Amino acid sequence: MFMMGSNSVSNNAFFFFFFSVFLLSLLFRISSAQLSSNYYASTCPTALYVTRNVVVNAVVKEHRMGASLLRLHFHDCFGCDASILLDDTSSFTGEKTAGPNNNSIRGFDVIDTIKSQLENVCPGVVSCADILAIAARDSVVTLGGPTWGVQLGRRDSTTASLSAANSQLPSPLMDLSDLISAFSKKGFSAKEMVALSGSHTIGKAGCATFRTRIFNETNIDSTFAASLKSSCPGAGGDVNLSSLDAANLVSSLDVTTPLIFDNAYFKNLVKNEGLLHSDQQLFNGGSTDSLVTTYSTNSVTFYADFASAMVKMGSLGALTGNDGQIRTNCRKIN
Ligand code: HEM
Ligand SMILES: *[C@@H]1O[C@H](CO)[C@@H](O)[C@H](O)[C@H]1NC(C)=O
Ligand SMILES: *[C@@H]1O[C@H](CO)[C@@H](O)[C@H](O)[C@H]1NC(C)=O
Ligand SMILES: *[C@@H]1O[C@H](CO)[C@@H](O)[C@H](O)[C@H]1NC(C)=O
C-alpha cells in the first residue's frame, strides 16, 4: 500500500515535472520568440550594414521615409512576421488595404531594395520581418533618435490577416481607455503605449484622420487648430498631409522639429497641440498626464523607455524555428 502510494507519488511527480517543462516551453514560445542580436553573424555578416546603407540613403533622399519605415514595422508587429508586405493576388487579400494601412502605409520599395541587395550577398538567409525591424531602428537613428540592439531571427509568414489588421491596430479616434486596452491586448503597459506613441514626433497624417479634432474639439490650442485648417478644410483635401509634430509657432521660443526624432511630440501635447485625437488623449486630464509631462522635459528618459518598448514590440508574434519561411521576395510567399 505504502510502497504503491509512494511509487505513484513519484510517478506523478515525474510526470508533473515534464508536463511543467512542456508548459513552460510553450509559454516561452508564445511570450518571447527566441531572437538574438548576432543571429546573422556567420550566415550574413553584412546584413546590418547593407540594410543601414539603403535606409540612410532613402531617408536622406526623403526624410519622411524614416517615419514611414518605423510605422511599417509597427503595423507589421501587432505579429512581426512580414505579413504586411504580402501583395494581394486574385486568390488572396493581404493587409495592405486594411483601414489603417490603405493609402497611408509606405516604404515597400525601400524594403524591396534592401531585400534584393541581401539576396545578392546571402541568398535565402535574411527574413523580411528582420529587415523591417532593422530598418525601423536605423530610421530612428538616422533622424537623430535613440538606438537599440535589434533582436533577429524572425521568419516570414506564409499568410496574412486583413481582419486582424483591421481589428487590432489602434484608431486615431480612440479615447485613452481604448488605447490602453488595445496595447494591453499585446502585452504593453500604459507607460509603454505612451512611449511608443512618441513615434509621432516624426511623419505625417492625412487631413481625414484629424479633421474632427481641429474643427470640433475643445482641448486644442485655437491658433494651432486655425493654422491647420488652411490645408485641411471642413470638406475635401482628405489626403492633404500635416506633420504629426505640427506645433504652432506661437512665440519665438517655440520650435517645431517634424524631421527630428526628439521629444517635441510630448512638448506639443502639454500645449494642447497634439494633431490626432488619440495623441491628445495621452494628456487630457487622465492617468498618463504625468508621464507625458516627464517625457516633455526629459528626452533621455523618453529615449530609454522608447528603445526598450521597441525591442519588446519587435518580438510580438515573431515566427522562429521551423515556422514560416525566409521569403526571397518580400511581396509574395516562396
Ligand atoms: C497609439 C496609437 C496610435 C494611433 C491611433 C496611430 C495612428 C496613426 C495615424 C492615424 C497616422 C497617420 C496615417 C495617415 O494619415 O497616413 C499615423 C502615422 C504614424 N504613426 Fe501612428 N498611431 C499610433 C501608434 C504608433 C506607434 C506605436 C508607432 C511606432 C512605433 C507609430 C508610428 C507612426 C509614424 C512614424 C507615423 C508617420 C508615418 C508616415 O509619415 O509615413 N504610431 N499613426
Ligand atoms: C483603398 O483605397 C482605394 C482608393 O485608393 C479605394 O478604392 C478602396 O476602396 C480602398 N479599400 C478599402 C478596403 O477601403
Ligand atoms: C462637427 O460637429 C458638428 C455637429 O455635431 C457636425 O455636424 C460636423 O460634421 C462636425 N465636423 C467635423 C469636421 O467633424
Ligand atoms: C490641400 O493642401 C494644399 C496645400 O496646402 C492646398 O493648396 C489645398 O487647397 C488643400 N486642399 C484643400 C481641399 O483644401
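Which cysteine does a disulfide join to Cys-207? The partner is Cys-232, with the two sulfurs sitting 2.0 Å apart. This comes from a predicted model, so the distances and angles here are computed from its atoms. The bond between Cys-207 and Cys-232 turns through 75 degrees about S-S, which makes the link right-handed. As for location, Cys-207 sits in the loop between β1 (204-206) and α9 (211-216), while Cys-232 is found in the loop between α10 (222-229) and β2 (241-243), 25 residues apart. Neither end is out in the open: Cys-207 and Cys-232 are both buried.

That link is one piece of a bigger set, as the structure holds 4 disulfides. Counting the bonded cysteines along the protein chain in sequence order, they pair up as 1-4, 2-3, 5-8 and 6-7.

Another of these links is formed by Cys-44 and Cys-122, whose sulfur atoms are 1.8 Å apart. Cys-44 belongs to the loop between α1 (2-31) and α2 (47-61), and Cys-122 to the loop between α4 (108-121) and α5 (128-142), so the disulfide ties together parts that are 78 residues apart in sequence. Cys-44 counts as buried because its relative accessible area is 2%, under the 20% limit. Cys-122 is buried as well, at 7% relative accessibility.

Then there is the disulfide from Cys-128 to Cys-330, with 2.1 Å from S to S. Here the angle about the S-S bond is -95 degrees, and the link is left-handed. Cys-128 lies in helix α5 and Cys-330 in the segment after α14 (299-313), so this pair ties together parts that are 202 residues apart in sequence. Both Cys-128 and Cys-330 are buried.

Next comes the metal. The iron atom of ligand 1 gets a single donor from the protein: NE2 of His-200, 2.1 Å away. His-200 itself is in the loop between α8 (190-197) and β1.

Charged side chains make up the last part of the picture, with 13 salt bridges found across the whole structure. In one of them, Glu-62 pairs with Arg-106, and their closest N and O atoms are 3.0 Å apart. Glu-62 is in the loop between α2 and α3 (64-76) and Arg-106 in the loop between α3 and α4, so the bridge ties together parts that are 44 residues apart in sequence. Both ends are partly exposed, with Glu-62 at 30% relative accessibility and Arg-106 at 24%.

A further salt bridge brings together the side chains of Asp-109 and Arg-331, at 3.3 Å from N to O. Asp-109 lies in helix α4 and Arg-331 in the segment after α14, so the contact ties together parts that are 222 residues apart in sequence. Asp-109 counts as exposed because its relative accessibility is 57%, over the 50% limit. Arg-331, by contrast, is partly exposed, with a relative accessible area of 23%.

Glu-273 and Lys-271 also meet through their side chains in a salt bridge, 3.6 Å from N to O. Glu-273 is buried, at a relative accessible area of 2%, whereas Lys-271 is partly exposed at 28%. Elsewhere, salt bridges that share partners join Asp-87, Lys-96, Asp-109, Asp-112 and Arg-331 into one network.

How values were computed: Residues are numbered from 1 along each chain as its sequence is written. Chains are lettered from A and ligands numbered from 1 in the order in which they are written. This is a predicted model: local features need pLDDT of at least 70, side-chain atom pairs count only at pLDDT 80 or more; totals for chains, interfaces and linings use all residues. Side-chain values use heavy atoms; hydrogens and water are left out. A disulfide is a pair of cysteine sulfur atoms within 2.5 Å. Helices (H or I, at least four residues) and strands (E, at least two) are DSSP runs, numbered from the N terminus. Buried means under 20% relative accessible area, exposed over 50%, partly exposed in between (1.4 Å probe, protein chains only). Donors are N, O and S atoms within 2.8 Å of the metal (3.2 Å for Na, K and Ca); water is not among the atoms, so sites may look incomplete. A salt bridge is a side-chain nitrogen of Lys or Arg within 4 Å of a carboxyl oxygen of Asp or Glu.
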